Structure formats: C-alpha cells, structure tokens
Amino acid sequence: MKRLLLNLGPALMAAVVTALLVTPIFGLQLQRVGGQMRLDPHWNYVLWATLIVFVVQICKPALKGAAKGIRLPSIPSLPAKLHNALIFAALLLAISWPFFAGRNAIDIATLAMIYVMLGLGLNIVVGFAGLLDLGFVGFYAVGAYTYALLFHWAGWSFWESLPLAGAAAALFGFLLGFPVLRLRGDYLAIVTLGFGEIIRLLLINLNDWTGGPDGISGIPKPSVFGYEMTRNPTVEGGTTFHQLMGWEFSSVHMVIFLYLMALMLAVITLWVSNRLIRMPIGRAWEALREDEIACRSLGLSPMRIKLSAFTLGAMFAGFGGAFFAARQGIVNPESFTFIESALILAIVVLGGMGSQLGVIVAAILITVLPELAREFSEYRMLIFGLVMILMMVWRPQGLFPVTRPHVEVPQKAGS
C-alpha cells in the first residue's frame, strides 16, 4: 500500500501528460457537414487512454515483480539432422506459397522478402559489428537508382544492372566508413542519419539526372533467361516467356516470378551472411562489437573491420534496392525517407541483434500484421511505437536473442 501511495504523484503526472498528448490526436476530430467543418469531441478515447496509463503507472512495482517471474520460451537446441530438416521444410513451404495463395498475399510476401534482405544486411552492421546505422536507407536508394539510371540512360536490363547496383551501394558504404572510423554511439548515429538525408536530397535536386521529386518511371520487370513475361514482346519479332512455354498469358505469373526472385535473393543473403559470421571476418566483427580497445590489442584493425561491415551491409541493401525498383516500376525520393531506416533498424532490434532467425521473423511480422489490421491503419505508427516500448521494457534482447558462446572457468574445491 505504501508503494502505491508513493507512485500516486508520478501516476497523476503521467495521466495528465497522456491526456494532453491524446486529446489533439484522438479526442478532437474534424468532420465535414455539408459545406462546413465541425469539431467533434471524442472524450471516451482520452479517458480510456488516461485511465490505462494511470493504472499501469501506479501498479508498476507489481508489474515489474510479475515480469521477473515470467520466463519466455527460448529456442531449444536441436540435433543437426532435425535442424536441417526444419530448414528444408520451411524453404519448401516458402517456395510453394505463391502457388496456393492469393495475389494480394503473394504481394505482401514479396515485400516481406525485401525487408528480410534489408534486415539481414543491416544486421551485419548493427548486430554483428555493433555499429549504429540510421542511414541504411541511403544504400537502399543507391541500389534502386543505379538500376533506374542504367535503364533510363543506357538501356540496361535488370540482370545486367543487379551486380552494378550492389557494387555502387558497396562503394558508398566504403566511402561512408572513412568519416565514421573514430566515431561511436550517438555520434555515429548522427553521421549515418545525415548520410541518408544527403542521399535523398541529392536525388530530389539532381533534376537532370534523377528526375527530381517525380523520380524515374517505366522501369521494366526482370526477364526469364532473356524472355519477357509480358503479353506481347516489346521487340518486333521477339518471343515472350509465355509463348515459349505455350502458356496462356496471366498477370499473376509475373507476381509469382517476382516473389520467387525475392525469395532467392533473401536466401542468398542469408547464406552469405551466415557463412561470413563463421569466417575470421565474422569473428572480428564480434570482437569489435564487444570491446574495440581489446580488439585493437589483439592486433586487429578496427578501421578495416568497420569498413568491411559497412561495405558488405550496403551491398545487400543495393541488391534489395534494385529489386525494389524492378518490382515497383518507378522510383522517387519519397520511397527512401528516414522512416524506412527506422523500420529496418526496428526489425533488427525486435528480432534480436545478431540473430538471423529473429530478423527473418520480425521482418515478416512487421510486414504482415499491418495488412491484417487495415482498420487500424491510421494508428499504425502509434501501435508500432507502443509495441517497441513494451519490447524494450520486457524483452530488450529481442524475440529470438542470439546465444553467445562462452566458457566458464571451473572453481577449485574449497575456494
């Protein structure tokens, strides 16, 4: 009872702040009646939000005690054969998904695969190397615009532009690495955030090259071994993929093909990043993340480690950007705002920094759940922020935290 009384003051203060924040957002809504605008109050929303915050704040000690007694399930260690069988089953399910799902579900799954690719790329920088990057969307934009510009000015196809898109993004990641070699923590985050905004502003102001705010449109979809998946060939005398296979044209086939391509790129990203963390460069990333001074004392070069992390992470973002441009058919600077960087970083934090399984699950959840609750689309970012706050309070290590290898020194008897 004494603790509840001590929390009464902070609870009242939190309730007042909540009422002030919620009132202009939910409590007062503009409604058009005829030719006039009318302000309709909805005080029930304000009262419920204030009451919930007050109760949670005043019962905070009891909630903390209950949370300490809750043990969330962890991933059990499985035998190698069973682990490989589960991976094969998941991959088989992912490949067969577009053949029995609807078109809208396939589109959502394709978007989820793009975020899986981006999450795994950022996981190299944030999860493995421990470098906070808030401008990852800049590399994403470089990859997308590389393909768009190569098509617009040189007529290159998707498959010709894909390696160069990854290389261009990797080059920008390498160049970004130099200014941030001596920076850590918040200062590193500020510089990378500025880099992402610089890229976006350049895309807006270079009108003669990038099309400015309108962007570049008419970007073609990928072909299948040089055969277009269109109703009629764009080249006179050419052959489309449907004509080659003797199939009747259907626009769903292109949707399925794009999903399988996104799945292939995501699997390649997962496989490469999984191999990298088992190599010496992966061990060097972990050493840098744990303690940069100890890393330097071991004879490792933090400069090379940071540059490698930024370069490889940016390369995967470039691949994802090129595929995004091909899928959308149009790119413009508004697709690469800071909110995209925050969303990708949230995927890594929500899944568990350094956990590849966690990144995959978090990317799928963040992509799919908003589509299942479209009636709450206006409050999407509010709900998203609330979920992240709850995760930081009760599960700061993420949904599937990575297990760090450690060695315990046995103590001598009688000591």
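The following questions and answers concern a predicted model of a protein with 18 helices and four strands.

Q: Why is Met-303 called partly exposed?
A: Met-303 has a relative accessibility of 40%. Buried requires a value under 20% and exposed a value over 50%, so Met-303, lying in between, counts as partly exposed.

Q: What makes the nonpolar surface patch, and where does its largest share come from?
A: Leu-171, Phe-172, Phe-174, Leu-175, Phe-178 and Met-303 make the patch, which covers about 540 Å². Helix H8 (residues 158-177) supplies the largest share, four residues, while Met-303 is placed in helix H15 (residues 302-328).

Q: Why can Met-303 belong to a patch?
A: A patch residue needs over 30% relative accessible area. Met-303 is at 40% relative accessibility and therefore passes that cut-off.

Q: Why is helix H6 called oblique to helix H13?
A: The axes of H6 (residues 103-128) and H13 (residues 280-290) cross at roughly 45 degrees. Roughly parallel would require an angle under 35 degrees, and roughly perpendicular one of 65 to 115; the crossing fits neither class, so H6 is oblique to H13.

Q: How do you know that H6 and H13 are in contact?
A: Ile-124, Gly-127 and Phe-128 of H6 make the contact with Trp-285, Glu-286 and Arg-289 of H13. The two axes come within 9 Å.

Q: What percentage of the residues counts as buried, and how much accessible surface does the protein have?
A: Of the 415 residues, 39% count as buried. The accessible surface comes to about 24,200 Å², with 68% belonging to carbon and sulfur atoms.

Technical notes:
Residues are numbered from 1 along each chain as its sequence is written. This is a predicted model: local features need pLDDT of at least 70, side-chain atom pairs count only at pLDDT 80 or more; totals for chains, interfaces and linings use all residues. Side-chain values use heavy atoms; hydrogens and water are left out. Patches are made of residues with over 30% relative accessible area and no salt bridge: like charges are joined within 9 Å, nonpolar side chains (Val, Leu, Ile, Met, Phe, Trp, Tyr) within 5 Å. Accessible areas come from the Shrake-Rupley method with a 1.4 Å probe; for residues, only the protein chains shown count as cover. A salt bridge is a side-chain nitrogen of Lys or Arg within 4 Å of a carboxyl oxygen of Asp or Glu. Helices (H or I, at least four residues) and strands (E, at least two) are DSSP runs, numbered from the N terminus. Buried means under 20% relative accessible area, exposed over 50%, partly exposed in between (1.4 Å probe, protein chains only). Axes are lines fitted to C-alpha atoms, for helices over the stretch in contact, and angles run from 0 to 180 degrees between N-to-C directions. Angles under 35 degrees count as roughly parallel, over 145 as roughly antiparallel, 65 to 115 as roughly perpendicular and the rest as oblique. Contact means heavy atoms within 4.5 Å.
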